[in-house]
Amino acid sequence: MRTRHHVDTSVRFDRLAELPERREIEAAGPPGPQARSETREREPYRASAELEEAVNVAIALGRPLLLQGDPGAGKTRLAYAVSYALGLPLEEAYIKSTSRGQDLLYVYDAVRRLYDTQAGRGGSPLDEAAYVRLGPLGRAIVRAGHGRRSMVLIDEIDKADIDFPNDLLREIDQLAFDVPEAGGGRHAVPADRPDLRPVIVVTNNEEKALPAAFLRRCVFHHVRFPDAVDELDAILALHGIGDVDLRASAIGTLLRLRSMDLAKKPGLSELLDWVSYLQAVGVIPGRDGSAGRLPYAGVLIKQHADALRLER
């Protein structure tokens, strides 16, 4: 345990409703003395006691929080909720199969530099910093150098090449990097300021196994689907679904679908989209002309084979 990184900062999800509906938070993007702010709306989020504990342990230890669980269970939105609760700018890295660890720090545009050199632009010597674009983790590290903390979301890490998590280990451990292309300028989170270490959330849909070395450096939590009726009802109410009959009917429909042998079971995000639309058009499943059929089934059912199973 790296007690030198311990930070006494906690998030209380049951207190989110007490925060203002909107607040000014520094915007993601290029950090600096003239950093702009943005007005953000409160992120409604209901977390289990175990998830809240995992969030606070990860913040205290300065470790990334690794979230696994079914797609649509709320892993990504957790980062938005924590960002809002702590008033931190949120830097987002959406991982692709071509992502590299260094991309999260910075990217050097060598092609544009060569083009400008051939075109006789940029003077002599060229301003190399103009060709450096900071990545999400790089911006968080630079922001820490200005005395401000950040939230970093690394979304769907399992989409990357198998070497990506290992490439990321050094960056997450050291939270420092050099830019040799721009004269070797160094950026780092101050070693004596653990309170400036970014809060990092990593999501994983388990499409491929993660290396053991990466797992050792994370606080892990599996986000389960909230399949209890009272939990789902509280989540819908939290997201502004005020009709009690609509909530009850929608929850019953969702749980019946999830009990079926479907290839892609609808998750929490599909439920919220579906019920929000039902509320907007004034339809309650099983009533208002929808008896015997699933209204707007395309919001919940995403594969043709599952649609056929539902018809049968």
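At what angle do H7 and helix H8 (residues 244-259) pack, and how far apart are their axes? Here are some friendly notes on that and a few related points; please keep in mind that this is a predicted model.

1. **H7 against H8.** To take the opening question straight away: the angle between H7 and H8 is about 125°, and their axes lie 10 Å apart. Angles over 115 degrees and up to 145 fall outside the parallel, antiparallel and perpendicular ranges, so H7 counts as oblique to H8. The crossing of this pair is right-handed. On the H7 side, the contact uses Val229, Leu232, Asp233, Leu236 and Ala237, while H8 brings Arg247, Ile251, Leu254 and Leu255. Sorted by class, the contact of H7 with H8 has seven nonpolar residues, two charged ones and no polar ones.

2. **H7 against H9.** Next comes the pairing of H7 with H9, where the packing angle is about 55° and the axes are 11 Å apart. H7 and H9 are therefore oblique to each other. H7 passes H9 in a right-handed crossing. From H7, the residues involved are Leu232, Ile235 and Leu236; they meet Leu268, Leu271, Leu272 and Val275 of H9. By class, this contact of H7 with H9 has seven nonpolar residues, with no polar and no charged ones. If you are following individual side chains, note that Leu232 and Leu236 of H7 appear in the contact with H9 and also in the contact with H8.

3. **H8 against H9.** The third pairing is between H8 and H9, whose axes come within 11 Å and cross at roughly 140°. That makes H8 oblique to H9. The handedness of the crossing of H8 and H9 is right-handed. H8 supplies Leu246, Ala250, Thr253 and Leu254 to the contact, and H9 supplies Leu271, Trp274, Val275, Leu278 and Gln279. The classes here are seven nonpolar, two polar and no charged residues. Leu254 of H8 takes part in this contact and also in the one with H7. On H9, Leu271 and Val275 touch H8 and are also among the residues that meet H7.

4. **The largest pocket.** You may like this one for your own calculations: the largest pocket has a volume of about 790 Å³. It is lined by 33 residues, of which Tyr45, Ala73, Gly74, Lys75 and Leu268 are the closest to its centre. Elements giving two or more residues to the lining are helix H1 (49-61), helix H2 (75-86), strand S11 (219-223), helix H7 (229-238) and helix H9 (268-281). H9 provides the largest share of the lining, five residues. By class, the lining divides into 12 nonpolar, 11 polar and 10 charged residues. There is a link back to the helix packing as well: Leu268 is listed among the residues closest to the pocket centre, and Leu268 is also one of the H9 residues in the contact with H7.

5. **Ala213.** Last, a smaller detail elsewhere in the chain. Ala213 belongs to helix H6 (residues 212-216). With neighbours within four places in sequence left aside, Ala213 is in contact with Asn166 and Leu169. Ala213 and Leu169 are 44 residues apart along the chain, and their C-alpha atoms are separated by 8.2 Å.

Key: Residues numbered from 1 in each chain as written. Predicted model: local features only at pLDDT ≥ 70, side-chain atom pairs only at ≥ 80, totals over all residues. Heavy atoms only, no water. 1 Å grid on protein atoms, 1.4 Å probe; cavity = no way out; pocket = protein on both sides within 12 Å on 5 of 7 lines; lining within 4 Å. Points joined across faces, edges and corners; volume = space filled by probe spheres on them. Helix = DSSP H or I, 4+ residues; strand = E, 2+ residues; numbered from the N terminus. Nonpolar A, V, L, I, M, F, W, Y, C, P; charged D, E, K, R; others polar. Axes fitted to C-alpha atoms, helices over the stretch in contact; angles between N-to-C directions. Parallel < 35°, antiparallel > 145°, perpendicular 65-115°, else oblique. Left-handed = near helix turned anticlockwise from the far one by under 90°. Contact = heavy atoms within 4.5 Å.
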